[in-house]
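Take a look at the sequence and the fold below. We will walk through them step by step.

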Amino acid sequence: MPASQGAVGDVLALARAWRVPAASPLSPGSLAALDSLIAANWCKTVDLCGNATYGKVMFGSLMLPRNSTLRRAFVQEHHIASNATSWVPDSLRCWRLLVPAVVHAIEELRLSPARRRHQSYYHFGIFQGASVYYYREQFPSAKFLMFDSFIGLPAEQPGELQRATWLKGTFLVREGDIAERLVRDLGGPSLNRVERGFFNESLTAALAASMPGPAALVDVDSDIYISAFQALDWLFQFELVQPGTLVLYDDWMDYTCAPLLSPSALDNIDMRDAMDGMNVGRMSRGLRAALGITNNWQPRFPKIFDGGEPKAHFEIAKKYGVDFRCVAGSCAPAGQGGGRCPSQYNGFGALFIIAGIGGTPNHGFAMSETQLAAWRASDVSCRTVTRTRFTVADDDRKVNRRVQRLNAMVEKGRGPG
Ligand SMILES: C[S@@+](CC[C@H](N)C(=O)[O-])C[C@H]1O[C@@H](n2cnc3c(N)ncnc32)[C@H](O)[C@@H]1O
């Protein structure tokens, strides 16, 4: 149970919130200026995913399906080399194309916590490095602090929603010294530091004291609730974030787009098939049938703050009195957009700026339930997730047992990894 829960946790949270130094909150005027400047920058840049750069970087990242029929279909459909090793649906990832527009607006308005050439960017969840390679192209002089176990996800905290295809060990990197490759390729040790280990062990007070400075940018791509909570808790506890820090979530919409399935659905499925469906963006007919998904199926969805990264974000806002403001991505309704330009409130990830710390908490998610339901029905990435991923509520002993059994399979090397 995170320390945010329970009376003792509340008292500690309050004490910490008062301890956070008084970097001044961002003013309403600067937040309004930021919104307009991001819109203008975004308008000058690209249409969402019209630019192939990020897609190219993704090759070599995730696995191609092992199911040979799906693999053949996928290779043909996407015109990729049949010897390519991996793929992930671009629409899920291309929200990061928004990041330069936002970062440059923050810098232009001098809202960033550290106004120096080598700003500190903290990345939680590296896997083989696709996102950090992309960021390095965009931000050649930033200092990158990279955190990952490199042996995949830990198990989700018991009692939390479980994404059935994000098991302990998923995203295991089989490569030898990944830290060495990343440091070499991304500009050398003066600009890069890689911390290997599970966050609950690696993110210590001593590590915090050795960090170069407050984060200009925090990229949370560690998928599950407990990991996002531990990463954010460390940053706030050790004052590595300040007003002006940009906080990004890759899996912001993942849980709320993935249907909640009945626990018994897990009895009938082959997890390899499920992983393939997730990677390829299309479930096999057999898997759909095993999961009980029919053409007129009406999925039931978790609420935005029920699980995953959004739940961690919500709890951290409360624990440290954070005023988060949505600046781009899927944390506010897209609205009408600015004429010929696409709205910056689009894409699968969510981008927040910290406007203040130690005051009244504000999670900053600006979509109503109705707007979220409309978004689920219309957004191409969300629809992909709805079709290919699923979540089970871990409040049922049977589900716990099944997830544990699947985790055990993974540990023995028989499952996804
Ligand atoms: C989806 S992958 C990251 C993808 C990467 N950003 C990219 O663009 O390819 C998630 C990563 O988070 C790491 N991770 C998740 N929870 C973690 C934890 N508690 N401690 C260490 N690493 C963790 C996993 O090992 C995995 O490599």
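What follows moves from the whole chain to the sheet, then to the ligand, one helix and two single residues.

Keep in mind that this is a predicted model. The protein chain has 417 residues, and 47% of them count as buried. Its secondary structure comes to 18 helices and 9 strands. Now consider the contacts between residues with a separation of 6 or more. In this chain, 79% of them join residues 24 or more positions apart.

Turn to the sheet. It is open and has 7 strands, in the order β4-β2-β1-β5-β6-β8-β7, with mixed pairing. Which strands stand at the edges? They are β4 (192-196) and β7 (323-329). Each has a single partner strand, so one side of each is left without a neighbour in the sheet. From one strand to the next, the twist averages 20°.

Two helices pack on this sheet. Helix α7 touches β1 (120-124), β2 (143-148) and β5 (215-220). The direction of α7 makes about 160° with that of β1. Helix α8 (residues 178-185) touches β2 and β4, and its direction makes about 165° with that of β4.

Look at β1 more closely. Strand β1 is largely enclosed by the rest of the structure, because 5 of its 5 residues are buried. Ser120, Tyr122 and Phe124 point one way, while Tyr121 and His123 point the other way. Strands β1 and β2 run parallel and are joined by 5 bridges. Histidine 123 has methionine 146 as its bridge partner in β2.

Elsewhere in the sheet, β6 (residues 246-249) pairs with β8 (residues 350-356). This pairing is antiparallel and runs over 4 bridges. Here tyrosine 249 stands opposite alanine 350 in β8.

Now find the ligand. There are 19 residues around it, and Gly125, Ala130, Ser131, Ser222 and Ser227 come nearest. Which helices each supply at least two residues of this shell? They are α7 (130-138) and α11 (225-237). The shell divides into 8 nonpolar, 8 polar and 3 charged residues.

Next comes helix α15. Its 13 residues run from 308 to 320. At 1.5 Å a residue, they should span 18 Å. The end C-alpha atoms of α15 are 19 Å apart, which agrees. This helix is mostly covered, with 12 of its 13 residues buried. Among the buried ones are Phe314, Ile316 and Tyr320, and also Glu309 and Lys311. In general, an α-helix has 3.6 residues a turn, so residues three or four places apart point the same way. Just after α15, glycine 321 takes a positive phi of about 60°.

Finish with two single residues. Histidine 104 sits in helix α6 (residues 99-108). Is histidine 104 buried or partly exposed? It counts as partly exposed, because it has 17 C-beta neighbours inside 10 Å, and being buried takes 20 or more. Asparagine 41 is 63 residues away along the chain, but its C-alpha atom is 7.9 Å from that of histidine 104.

Tyrosine 345 lies in the loop between β7 and β8. It counts as buried, because it has 26 C-beta neighbours inside 10 Å. Alanine 334 is 11 residues from tyrosine 345 along the chain, and their C-alpha atoms are separated by 4.7 Å.

Note on methods:
Residues are numbered from 1 along each chain as its sequence is written. This is a predicted model: local features need pLDDT of at least 70, side-chain atom pairs count only at pLDDT 80 or more; totals for chains, interfaces and linings use all residues. The expected span of a helix is 1.5 Å times one less than its number of residues. A residue is near a molecule or strand if its C-beta atom, placed from the backbone, lies within 6 Å of it. Ala, Val, Leu, Ile, Met, Phe, Trp, Tyr, Cys and Pro count as nonpolar, Asp, Glu, Lys and Arg as charged, and the others, Gly among them, as polar. Two strands pair if DSSP finds at least two bridges between them. Axes are lines fitted to C-alpha atoms, for helices over the stretch in contact, and angles run from 0 to 180 degrees between N-to-C directions. Two residues are in contact if their C-beta atoms, placed from the backbone, lie within 7 Å.
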